[in-house]
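Open your viewer, clear any old selections, and let's walk through this model together. Each stop suggests something to select and then tells you what is there.

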Amino acid sequence: MAKTLLVCGYGPGISDAVARRFGREGYAVALVGRTADRLSAGLSVLEKSGVRANAFQCDVGDVDAVRKLVPGVRSALGPIATLHWNAYSRGAADLTTAKTSELRNVLDVGVHGLVAATQEALPDLKNEKGAVLVTGGGLCTYDAKVDAMAVEWGAMGLAVAKAAQHKLVGVLHQKLRGDGVYVGEVTVMGIVKGTAFDTGHGTLDPNAIADKFWDMQQRRTEIWFTFA
């Protein structure tokens, strides 16, 4: 049975490129997201290229839903060898006025959902000597200019979630490496071509980022890599 890549937070850009990259390497691919049309379009492209794939509609900020999702993916496609976490939320734009429930939702998507998915997939990841690959964001950086940008862009909640996610990657890496499971993050410092953030000025190639994720999984030496 083929190894399975589980892509959480599927959309145009990085996650699509990762799905196609791993598909070319013989992985079955599970696409997970909230938008049915987007999932259907991605699934069609993969299947036309000969990749065994399936789509699962799920809010990955719902921890209970994530826990139910993983066994379904395993049953449909086989053991999960790689988990790619690409999901994020831009809620809690202004932390001086946002309800705490908004920030909780952002953390559910960026942190709690990732923890739940890792826990549920862990037996497979250990058996397969697999990997958890996380798309990070430059807003995680401890820098006054970056913090000012988070305020200006209305991304204060996202900045907090990305900082927490960055630390999560580090501690999971240390915890799981003895079990043969690799955990790593690509921190994206710029606009990725073809994404919702790209208004014609994107400079980062999602295919190059996907290649980097593949390389990191193969070599297993870097915990973090900054793509700028």
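Start by selecting H3 and H4, helices in the DSSP sense (H or I runs of at least four residues, with strands being E runs of at least two, all numbered from the N terminus). H3 and H4 pack at an angle of about 30°, and their axes lie 9 Å apart. Here axes are lines fitted to C-alpha atoms, for helices over the stretch in contact, and angles run from 0 to 180 degrees between N-to-C directions. That angle makes H3 roughly parallel to H4 (under 35 degrees counts as roughly parallel, over 145 as roughly antiparallel, 65 to 115 as roughly perpendicular and the rest as oblique). The crossing of H3 and H4 is right-handed, a term used when the near helix is turned clockwise from the far one by less than a right angle, with anticlockwise being left-handed.

A note on the source: this is a predicted model, in which local features need pLDDT of at least 70 and side-chain atom pairs count only at pLDDT 80 or more, while totals for chains, interfaces and linings use all residues. Residues are numbered from 1 along each chain as its sequence is written, and side-chain values use heavy atoms, with hydrogens and water left out.

Now show side chains between the two helices. Val-63, Val-66, Arg-67, Val-70 and Arg-74 of H3 meet a set in H4 that includes His-112, Ala-116, Glu-120 and Asp-124, where contact means heavy atoms within 4.5 Å. The residues of this contact divide into six nonpolar, three polar and four charged (Ala, Val, Leu, Ile, Met, Phe, Trp, Tyr, Cys and Pro count as nonpolar, Asp, Glu, Lys and Arg as charged, and the others, Gly among them, as polar).

Keep H4 and add H6. The axes of H4 and H6 come within 8 Å and cross at roughly 20°, so H4 is roughly parallel to H6. H4 also passes H6 in a right-handed crossing. Among the residues making the contact are Leu-107, Leu-114 and Leu-122 of H4 and Ala-161, Leu-168 and Leu-176 of H6. The residues of the contact of H4 with H6 divide into 13 nonpolar, four polar and no charged.

Next, the interior. The largest nonpolar core has 38 residues, and those with the most contacts inside it are Leu-6, Cys-8, Val-32, Val-60, Leu-83 and Trp-85. Such a core is a set of buried Ala, Val, Leu, Ile, Met, Phe, Trp, Tyr and Cys residues joined through side-chain atoms within 4.5 Å; buried means under 20% relative accessible area, exposed over 50%, and partly exposed in between (1.4 Å probe, protein chains only). H4 provides the largest share of this core, 10 residues. Centre on Val-60: its contacts beyond four places in sequence include Cys-8, Val-32, Trp-85 and Val-109.

Which helix comes next? Select residues 14–24, helix H1: nine of its 11 residues are buried, so H1 is largely enclosed by the rest of the structure. Arg-21 of H1 counts as buried because its relative accessibility is 13%. Beyond its neighbours within four places, Arg-21 is in contact with Ala-210, Asp-211 and Trp-214. Just after H1, Gly-26 takes a positive phi of about 100°.

Finish at Asn-54 in strand S3 (residues 53–57). Asn-54 counts as partly exposed, at 29% relative accessibility.
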